[in-house]
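Here's a small set of exercises to work through with the model open in your viewer. Try each one yourself before reading its solution.

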Amino acid sequence: MCQLLAMNCNVPTDIVFSFTGFATRGGGTDHHNDGWGIAFFEGAGVRHFVDYQAAIESPIAELIKRVPIKSKNVIAHIRKATQGRVALENCHPFVRELWGRYFVFAHNGDLKNFTPTLNGPYQPVGTTDSETAFCYILQELRRRFGDTLPLLDDLKTAIRELTTEIAAYGTFNMMLSDGSVLFAHCSTSLHYIVRQYPFAEAVLSDKDMKVDFSEVTTPNDRVAVIVTEPLTTNETWTPFATGELKVFIDGQPIA
């Protein structure tokens, strides 16, 4: 199946280090070679890059590794196709508008016989179970809350109910963000780490690369990285529990 990567920060931060290790799994150290994508929130906008080539071979992925695009919320995905052909329209993350803001979504897993009725404006362009699930989530959020952005606690409750419902059809590890908050749901495997002062050195597990974060940060910075499998060999990553939904704001999980 696919793999997920997300970053949530209290100040705009680049994801070059984490993405370099993550992208190596897209046809290099692992077999996720059926496309990839990444989305960066910037103000009210989203920089969105997808490619049906393997991340290890994609010149667009090379651009992301070399250009330090800074964002407070990033979602990335490398694909191992289970449903839907290898094509641009089936590459995650997917982007849609709700409540006058962009939502970005990516999924790792395989949903069997998931055929919800989609009778609103949210319709899949491609043929993946993932995009169908995303459209269903947005449809149901709009049905519950109308045209008004709900309070965070109400939104979290709704997303927890929807992810539990969808996960009954199979594996549903997912990332969802509107640029102000990041939701992460685990069916089988997700891990996270919060990097904050005092910062230390980190060593990638998939590539001969390390960085001393104390040299490129300030004492006020805080960065949460969420990923399917840990990216570094010398840091302690916290695993999600099965069925757990976590909410990240300003570089840390909230209660």
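**Warm-up: a helix on a sheet**

α1 lies across β1, β2, β4, β9 and β12, at about 170° to β1. Helices (H or I, at least four residues) and strands (E, at least two) are DSSP runs, numbered from the N terminus. Contact means heavy atoms within 4.5 Å; axes are lines fitted to C-alpha atoms, for helices over the stretch in contact, and angles run from 0 to 180 degrees between N-to-C directions.

Some ground rules: this is a predicted model, where local features need pLDDT of at least 70 and side-chain atom pairs count only at pLDDT 80 or more, while totals for chains, interfaces and linings use all residues. Residues are numbered from 1 along each chain as its sequence is written, and side-chain values use heavy atoms, with hydrogens and water left out.

**Exercise 1. Trace the two sheets**

Work out the strand order of the open sheet of 7 strands, then do the open sheet of 6 strands.

*Solution.*
- Step 1. Take two strands as paired if DSSP finds at least two bridges between them.
- Step 2. The 7 strands come out as β3-β2-β4-β1-β12-β9-β13, with antiparallel pairing. At the edges sit β3 (45-51) and β13 (238-239), each pairing on one side only.
- Step 3. Zoom in on β2 and β4: they run antiparallel and are joined by 5 bridges. Phe-40 stands opposite Val-74 in β4.
- Step 4. The 6 strands follow the order β5-β6-β7-β8-β14-β15, again with antiparallel pairing. Here β5 and β15 are the edge strands.
- Step 5. β14 and β15 are joined by 2 bridges, and Phe-248 stands opposite Pro-253 in β15.
- Step 6. Now add the helices: α3 (residues 129-145) packs on this sheet, touching β5, β6 and β7 (173-177), and its direction makes about 10° with that of β5. α4 (residues 152-167) packs on the sheet too, touching β7, β8 (182-185) and β14, with its direction at about 30° to that of β8.

**Exercise 2. Find the cores**

Which residues touch the most other members of the largest nonpolar core, and which elements supply at least two residues each?

*Solution.*
- Step 1. Fix the terms. A nonpolar core is a set of buried Ala, Val, Leu, Ile, Met, Phe, Trp, Tyr and Cys residues joined through side-chain atoms within 4.5 Å. Buried means under 20% relative accessible area, exposed over 50%, partly exposed in between (1.4 Å probe, protein chains only).
- Step 2. The largest core has 29 residues, and Leu-5, Ile-15, Phe-19, Phe-22, Trp-36, Ile-38 and Leu-231 touch the most other members.
- Step 3. At least two residues each come from β1 (3-14), α1 (16-24), β2 (36-42), α2 (59-66), β4 (70-78) and β12 (222-227). α1 gives the largest share, 4 residues.
- Step 4. Look around Phe-19: leaving out residues up to four places away in sequence, it touches Leu-5, Trp-36, Ile-38, Ala-61, Ile-64 and Lys-65.
- Step 5. Another core, of 28 residues, lies apart from that one and includes Trp-99, Phe-134, Leu-138 and Phe-183.

**Exercise 3. Hunt for backbone oddities**

Where are the cis peptide bonds before Pro-93 and Pro-198, and which loop holds Trp-99 with its positive phi?

*Solution.*
- Step 1. The bond from His-92 to Pro-93 is cis, with omega near -5°; Pro-93 is in the loop between β4 and β5 (94-98).
- Step 2. The bond from Tyr-197 to Pro-198 is cis as well, with omega near 0°. Pro-198 is in the loop between β9 (191-196) and β10 (201-203).
- Step 3. Trp-99 isn't a glycine, yet has a positive phi of about 60°. Its place is the loop between β5 and β6 (101-108), and Trp-99 is buried at 12% relative accessible area.

**Exercise 4. Check a salt bridge**

Is Asp-178, the partner of Arg-101, buried or exposed?

*Solution.*
- Step 1. Apply the rule: a side-chain nitrogen of Lys or Arg within 4 Å of a carboxyl oxygen of Asp or Glu. The count comes to 13 salt bridges.
- Step 2. Asp-178 and Arg-101 meet at 2.7 Å, N to O. The pair links distant parts of the chain, 77 residues apart: Asp-178 in the loop between β7 and β8, Arg-101 in strand β6.
- Step 3. Asp-178 is buried, at 9% relative accessibility, whereas Arg-101 is partly exposed at 29%.
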